[in-house]
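Here is a short tour for a structural biologist, moving from one helix and its surroundings out to the whole chain. Have the sequence and the view open as you read.

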Amino acid sequence: MSQNTQLWIYDTTLRDGAQREGLSLSVEDKLNIARRLDDLGIPFIEGGWPGANPKDGQFFSLLQQHPLRQAEVVAFCSTRRPHMPVTEDVTLAAALAARTNWLTLFGKSWDLHVTEGLKTELNENLSMIYDSIAYLRRQGRRVIYDAEHWFDGYVSNPTYAVQTLEAALRAGAEWLVLCDTNGGMLPHQITEIVRTVGQWLATLNLKNPPQLGIHTHNDGDLAVANSLTAALEGVTMVQGTINGYGERCGNANLCSLIPNLQLKLGYNCLPAEKLATLAETSRYVSEIVNLAPNEHAPYVGLSAFAHKGGIHVSAVERNPKTYEHIEPTAVGNLRRIVISDQAGLSNVMAKARSFGLKLDRTSPTSRQLLHRLKSLEDEGYQFEAAEASFELLMREALGQRPKMFDVYGFQVHCERMPYAGSGVNCSPEDPAGSSSLATVKVSVDGKILLHAAEGNGPVEALDHALRKALERFYPELERFYLTDYKVRILDSASGTAAKTRVLVEFGDGEHRWTTVGLSPNILEASYKAVVEGLEYGLLKLRSEVKAKLVACQS
């Protein structure tokens with residue numbers, strides 16, 4: 001494959017991706033994502049369906065005032081309605097009002113959809129495709145034609161399916177995009193049908209032939225594979241969404257497609273420096289849509305280049321190619337050494353280096369630390385998900401864990417407030433009908449402190465009480481906030497006496513860190529995790545300040 005072969009990436013996160021169940025985008029969300037995709041170097045960004053909802057209309061209007069830097073923003077619409085003049089069709093009018101240079105228009109390829117969905121005649125559908133595209137072209141627009149349900153239509157009635165493409169071609173479509181809308185095709189079917197379409201176009205001997213594109217859905221978990229095989233058969237546009245968002249099982253995932261096309265097959269999709277921001281873009285979009293990132297996603301997931309087994313880590317330390325198919329930085333990701341009960345000494349050494357700690361492999365401390373790790377994991381601790389706790393454990397073993405405060409104990413009192421009718425505005429279903437009060441006893445620089453605080457639940461009350469006790473000595477605590485809280489019952493057969501593992505994630509606006517607590521008492525497990533979370537935040541913040549001072553002095 002030529003290194004200079006250009007593939008045009010077409011992102012439909014803002015339209016097709018937004019059809020995912022549970023995903024909702026505001027106008028501001030759409031604008032932020034569009035700008036990030038523009039920065040990534042995506043050449044075509046489908047902004048939505050003007051007229052389908054007020055938000056999409058506002059989105060296109062705002063982009064007219066503040067255009068993207070390099071990407072073509074594309075409006076999406078359908079063919080005219082059956083037996084209606086194009087000049088009277090509100091869908092086409094709304095698409096034109098978006099004032100985009102490019103429009104993507106979809107039409108029916110499958111005779112089943114024409115007769116059962118549109119309730120019209122096959123010839124009328126051909127006229128709808130031709131009339132709509134020709135009208136848009138007369139208005140000065142460039143048209144991408146999405147042949148909806150193309151592959152199912154071709155399998156059902158190949159003669160008619162090709163006729164729909166002919167109608168789009170005669171009307172002036174510059175791209176014919178073949179869509180696996182139901183997502184049920186297999187790679188060999190995609191290969192055969194795309195090849196057949198390419199051969200058909202070649203027989204027409206057109207002076208300016210249209211280019212082919214591919215649009216796949218993931219209902220068979222093959223959207224990426226199907227798009228890749230279509231590219232190998234000569235399509236020049238690949239459509240998909242960031243993180244594979246989309247209706248039902250999603251669309252082709254551009255975060256997998258782009259590196260596969262560029263790094264593995266040699267196509268030119270994005271500038272190399274832009275490709276190196278792919279992982280960051282993936283996480284950014286997941287934050288905007290308020291969906292947890294898929295940590296195990298290929299290429300861009302947090303675990304994509306994580307190494308856990310001791311043998312793996314030892315090999316990667318010698319040569320990363322032993323267990324990595326690409327250099328992680330090519331897509332903006334990083335290599336991670338995971339700490340767990342499967343770890344070997346190589347894991348511990350690698351983790352120490354990542355923490356900036358000096359650990360001698362031949363030192364008894366190294367073996368003791370590995371033994372301690374495995375012992376705690378056997379009890380139920382989980383350090384691969386709580387690296388902050390492991391760094392504290394490692395610093396303690398090395399005598400590098402400063403005593404910022406001592407904790408002597410805590411008490412939590414939970415009270416159920418009176419129900420409605422007793423003078424308090426709450427009901428049995430209202431969570432505001434309960435409150436928690438926590439009291440903590442700590443020592444800082446030899447001073448004993450006893451403080452209490454309320455919260456919506458016992459963990460929040462504990463967090464508030466600790467902060468209240470320590471804030472006079474450590475005002476920087478106000479920068480920390482709790483971002484996630486997970487509880488896992490380890491030995492459920494023990495009933496209410498089961499061990500509970502709690503993971504608490506903190507953030508400060510720039511970094512995130514996770515700590516772990518374990519106990520048969522869920523409150524004690526939570527308390528341990530919260531205490532370590534605050535301690536770790538203080539430790540890292542002060543280390544950063546010290547490093548900046550040293551840098552300034554030098």
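Let's begin with helix H1, whose buried residues pack against strand S1 (8-11), strand S2 (44-48), helix H2 (54-65), helix H11 (272-275) and helix H12 (278-288). The model you are looking at is predicted. In H1, the buried residues are Val27, Asp29, Lys30, Leu31, Ile33, Ala34, Leu37, Asp38 and Leu40, so you will find charged names such as Asp29 and Lys30 listed with nonpolar ones such as Leu31 and Ile33.

The helix itself covers residues 27-40, which is 14 residues. From its first C-alpha to its last, H1 reaches 20 Å, close to the 20 Å expected at 1.5 Å a residue. Just after H1 comes glycine 41, with a positive phi of about 100°.

Next, a serine worth a visit. Serine 256 sits in helix H10 (residues 254-264). Is serine 256 buried or exposed? Its relative accessibility is 8%, and because buried means under 20%, serine 256 counts as buried. Leaving out residues up to four places away in sequence, serine 256 touches Val224, Pro298 and Tyr299. Leucine 278 is 22 residues from serine 256 along the chain, and their C-alpha atoms are separated by 9.8 Å.

Now to the nonpolar interior. The largest nonpolar core has 87 residues, and those with the most contacts inside it are Ile133, Tyr145, Trp150, Phe151, Leu165 and Leu261. Helix H7 (residues 158-171) gives the most to this core, with 7 residues. Apart from this core lies another, of 35 residues, with Val444, Ala453, Val459 and Val530 among them. Back in the largest core, isoleucine 133 is in contact with Leu105, Val143, Tyr145, Ala168, Ala171, Gly172 and Ala173, leaving aside neighbours within four places in sequence.

Finally, here is the chain as a whole.

| Property of the chain | Value |
|---|---|
| Helices and strands | 18 helices and 16 strands |
| C-alpha box along the principal axes | roughly 85 × 70 × 55 Å |
| Buried share of the 554 residues | 51% |
| Accessible surface | about 25,900 Å² |

Carbon and sulfur atoms account for 50% of that accessible surface. Among contacts between residues at least 6 apart in sequence, 68% join residues at least 24 apart. The chain has 55 positive and 64 negative side chains, and the centres of the two sets lie 6 Å apart.

Note on methods: Residues numbered from 1 in each chain as written. Predicted model: local features only at pLDDT ≥ 70, side-chain atom pairs only at ≥ 80, totals over all residues. Heavy atoms only, no water. Helix = DSSP H or I, 4+ residues; strand = E, 2+ residues; numbered from the N terminus. Buried < 20%, exposed > 50% of the residue type's maximum accessible area, 1.4 Å probe, protein only. Contact = heavy atoms within 4.5 Å. Areas by Shrake-Rupley, 256 points an atom, 1.4 Å probe, with all protein chains shown as cover. Lys, Arg positive; Asp, Glu negative; His and termini not counted. Charge placed at Lys NZ, Arg CZ, Asp CG, Glu CD. Core = buried A, V, L, I, M, F, W, Y, C linked by side-chain atoms within 4.5 Å. Expected span 1.5 Å × (residues − 1).
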